[in-house]
Amino acid sequence: MSKEYDERLKTHIANVRKAYFWIKKSLPEVLIDIPGVDYSWYIDFHDDSKTIPDEYDAYDNHLFGKQTKESEEKYLRAKLEHRHRNPHHWEYWVLYTSDGPPVALDMEYPYIIEMICDWWSFSWAAGDLFALFDWYAEHKKYMRMSKKTRKTVEEILSKLEAKIIKVRGPRK
C-alpha cells in the first residue's frame, strides 16, 4: 500500500465531490428528479472499486512503482475491470459482439452526472474549472456514446460552462 496512491485517490474523490456539490448548488436543474435516485449516493461511492486489491495494487504500481511489462499488463487489466465495474464510465455502456460493430447503449442519467463530475474533478485539481471543456473537445472523438448520451452530455457541459462564466466570470 502506498501513501502516495492513497492520497491521490482521496484527493480525486474529494474533487469529484466538489464538482457534484458545485453543480448541486449552482446548477441544480441538471439534477433532474428521478424517482428512487439520490445523486449523492453515486458520488459517495465513486471509485470504491479502486480499493479492491486487483485495481488498487495495479494502479498504485503504475503511478508510483517500478513499471515492468507484467505490471503494465496488470494495470491495463485493472483499468478494464474498473470500467466494467463502474457504470459512470462511457466504456461500460459499449457492447461488443462477434457479429457486428460495437454498439453504444444509452447511459443512465445519474451515471452521466457522475461521469461529468469525474471528468471535472481533474479541473478542480488543476485549479482551472474550464479545463474540462478543452479536455472534452480533445477527447470526444474517441468516445463511443449513443446519440442520446452524447446529446445529454453536451447539453449538460454547455449549461455548466455558461453557469461557470456567470458565477466566476469568463475564461482568462
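Leu105 sits in the loop that links β2 (100-104) to α5 (109-126). This is a predicted model, and in it Leu105 comes out as partly exposed, at 41% relative accessible area. On the surface, Leu105 teams up with Leu95 and Val103 in a nonpolar patch, and together the three offer about 240 Å² of accessible area.

Follow the chain out of that loop and you get to α5. Its 18 residues stretch 27 Å from the first C-alpha to the last, close to the 26 Å expected at 1.5 Å a residue. There's a bend too, of about 25°, at Trp120. As for cover, 15 of the 18 residues in α5 are buried, so the helix is mostly tucked away, with buried meaning under 20% relative accessible area. Just past the end of α5, Gly127 has a positive phi of about 75°.

Now over to α1 (residues 3-26), which is where Asn15 lies. Is Asn15 buried or exposed? Asn15 has a relative accessibility of 5%, and because the cut-off for buried is under 20%, it counts as buried. Leaving aside residues up to four places away in sequence, Asn15 touches Ser121, Trp124 and Ala125.

Here are the two residues with their accessibility side by side:

| Residue | Location | Relative accessible area | Class |
|---|---|---|---|
| Leu105 | loop between β2 (100-104) and α5 (109-126) | 41% | partly exposed |
| Asn15 | helix α1 (residues 3-26) | 5% | buried |

Terms used
Residues are numbered from 1 along each chain as its sequence is written. This is a predicted model: local features need pLDDT of at least 70, side-chain atom pairs count only at pLDDT 80 or more; totals for chains, interfaces and linings use all residues. Side-chain values use heavy atoms; hydrogens and water are left out. Patches are made of residues with over 30% relative accessible area and no salt bridge: like charges are joined within 9 Å, nonpolar side chains (Val, Leu, Ile, Met, Phe, Trp, Tyr) within 5 Å. Accessible areas come from the Shrake-Rupley method with a 1.4 Å probe; for residues, only the protein chains shown count as cover. A salt bridge is a side-chain nitrogen of Lys or Arg within 4 Å of a carboxyl oxygen of Asp or Glu. Helices (H or I, at least four residues) and strands (E, at least two) are DSSP runs, numbered from the N terminus. Buried means under 20% relative accessible area, exposed over 50%, partly exposed in between (1.4 Å probe, protein chains only). Contact means heavy atoms within 4.5 Å. The expected span of a helix is 1.5 Å times one less than its number of residues. The bend at a residue is the angle between axes fitted to the seven residues ending there and the seven starting there.
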